[in-house]
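Me: Please take me slowly through one part of this model, the second largest pocket, and then carry on into the parts of the chain that help to explain the picture. I am in my first year, so I would like each step spelled out.

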Amino acid sequence: MYKILEKKEIAMRNVWYKIQAPHVAGKVKPGQFVIVRAFSNGERIPLTPVMWDAEEGWIVLITFIRGKTTMKMAAELKEGDYILNVAGPLGNPAEMKKFGKILAIGAYTGIVETFPIAKAWHEIGNYVTTLHVTFEPMVVLKEELERAVDSHIVETVPIDPNLDFPTNMKNVTKRLTETVREMLEKEDYDLVFMVGPAGDQRAVFNVVKEFGIPMKADLHPIMVDGTGMCGSCRVTVGGEVKFACIDGPEFDAYQVDWDVLIARSGYYTDMEQRAMQEYMKAIQGGGE
Ligand SMILES: Cc1cc2nc3c(=O)[nH]c(=O)nc-3n(C[C@H](O)[C@H](O)[C@H](O)COP(=O)(O)OP(=O)(O)OC[C@H]3O[C@@H](n4cnc5c(N)ncnc54)[C@H](O)[C@@H]3O)c2cc1C
Ligand code: FES
């Protein structure tokens, strides 16, 4: 059982959980993830340790409230409560070496996963610029990134104030690709890295490849066990089948079959929407 030491909403639909998890805090490296099962009858979801302290034994996870599990965690878990399982660290650490000048991009909550990698790249002597593109009320880790890297840029798109879940994602994609193009035109980068929805990763990759710059992408297909057993996180990279949980999550963007990845990411949308609607009905009706 993993005690929640701190829980707070840090931006619209973004929740910060500081959790006692010494076995993860003692071993985790930037780029790795954990699989969390918060409730006894709940699904297992992959999340990224954003910060950690090996001596004190805690990790910080930040969740974007997206569907049933992240919503139930936000609604039902309180400081002092316990999370059932935190398995990990899983996946391969990000490649840590001197690349030179790096542009590390996070779209939406992707900045959360970008944070530990960008910070570590800066610490070993790379010149790191981070770019966060998201909706206006969803900016997170701004001060932390300003302290952690050489330059941090935030680009936001406004949302309709009557909506609690923005829908104009195309505006974010447009801002993202325009900003990346401007940045690549102005400066020479040795590496571009990105975490975010697969459609946005592909849109950015299409810009980056015009400039011929190496690009790495952290891929986030559906994961269940996180250990290479279930096959749900299958991706095609360099014409071969890979499992993002054990072969990744970081891959060479030039080798990724983006069409397959994007098609597979929509497989469970109907089921996920149904699960969320049923959960909303249950909490509005007072039951589980
Ligand atoms: C390696 C990795 C690290 C991640 N780190 C973070 C993080 O630090 N913070 C964060 O907010 N999100 C992170 N995610 C995404 C996170 O796992 C999903 O947001 C979460 O599973 C959504 O669950 P849900 O029930 O709330 O939504 P659902 O309704 O179940 O799903 C909504 C969408 O989330 C994605 N998703 C759902 N289940 C999974 C799953 N098991 N594996 C991968 N994607 C899924 C799909 O795109 C889906 O369409 C990460 C994903 C991966 C693969
Ligand atoms: S999550 Fe099951 S094989 Fe990767």
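The reply below begins with the pocket and then turns to salt bridges, strands and cysteines.

Reply: Please keep in mind throughout that this is a predicted model. The second largest pocket holds about 200 Å³ of space. It is lined by 13 residues, and those closest to its centre are Ile 153, Thr 179, Met 183, Lys 186 and Tyr 189. If you sort the whole lining by residue type, you find four nonpolar, three polar and six charged residues.

Which elements supply this lining? At least two residues each come from strand E10 (127-135), strand E11 (151-157) and helix H5 (169-186). Helix H5 gives the most, with six residues.

Helix H5 and strand E11 are also connected by a salt bridge, which joins Arg 175 to Glu 155 with their closest N and O atoms 3.1 Å apart. Arg 175 belongs to helix H5 and Glu 155 to strand E11, so this pair links distant parts of the chain, 20 residues apart. Are the two partners buried, exposed or something in between? Arg 175 has a relative accessible area of 29% and is partly exposed, and Glu 155, at 24%, is partly exposed as well, because only values under 20% count as buried and only values over 50% as exposed.

This salt bridge is one of 14 in the structure. Another joins Asp 259 to Arg 202, whose closest N and O atoms are 2.5 Å apart. Since Asp 259 lies in helix H8 (residues 258-265) and Arg 202 in helix H6 (residues 198-211), the pair ties together parts that are 57 residues apart in sequence. Asp 259 is exposed, with a relative accessible area of 53%, whereas Arg 202 is partly exposed at 27%. Salt bridges can also be joined into a network, and here Glu 95, Lys 97, Lys 216 and Glu 250 are linked in this way.

Lys 216, a member of that network, leads us to strand E13 (residues 215-218), where both faces are covered. Met 215 and Ala 217 on one side, and Lys 216 and Asp 218 on the other, are all buried. Strand E13 pairs with strand E12 (residues 191-195) in the parallel sense over four bridges, and in this pairing Val 192 stands opposite Met 215.

Strand E14 (residues 234-237) offers a useful contrast for reading burial along a strand. In a regular strand the side chains alternate between the two faces of the sheet. Along E14, Val 235 and Val 237 point to one face and are buried, while Arg 234 and Thr 236 point to the other and are not. The partner of E14 is strand E15 (residues 240-243), paired in the antiparallel sense over four bridges, with Val 237 standing opposite Glu 240. The two strands form a hairpin with two residues between them, and in it Gly 238 takes a positive phi near 60 degrees. Within E15, Glu 240 also forms a salt bridge with Lys 242, at 3.4 Å between the closest N and O atoms. Both partners are partly exposed, with Lys 242 at 25% relative accessibility and Glu 240 at 46%.

A further set of strands makes an open sheet of five, in the order E5-E6-E2-E1-E7, with antiparallel pairing. Its edges are strand E5 (51-53) and strand E7 (82-83), each of which pairs on one side only. Inside the sheet, seven bridges join strand E2 (residues 14-20) to strand E6 (residues 58-64), and Tyr 17 stands opposite Leu 61 there. Strand E1 (residues 2-11) of this sheet contains Ile 10, which is partly exposed at 29%. The C-alpha atoms of Ile 10 and Val 140 are separated by 6.8 Å, although the two residues are 130 residues apart along the chain.

Finally, consider the cysteines. How many disulfides are there? The count is zero, because a disulfide requires a pair of cysteine sulfur atoms within 2.5 Å. Cys 233 and Cys 245 are both buried, Cys 233 with a relative accessible area of 2% and Cys 245 also with 2%.

How values were computed
Residues numbered from 1 in each chain as written. Chains lettered and ligands numbered in written order. Predicted model: local features only at pLDDT ≥ 70, side-chain atom pairs only at ≥ 80, totals over all residues. Heavy atoms only, no water. 1 Å grid on protein atoms, 1.4 Å probe; cavity = no way out; pocket = protein on both sides within 12 Å on 5 of 7 lines; lining within 4 Å. Points joined across faces, edges and corners; volume = space filled by probe spheres on them. Nonpolar A, V, L, I, M, F, W, Y, C, P; charged D, E, K, R; others polar. Buried < 20%, exposed > 50% of the residue type's maximum accessible area, 1.4 Å probe, protein only. Salt bridge = Lys/Arg side-chain N within 4 Å of Asp/Glu carboxyl O. Pairing = 2+ DSSP bridges.
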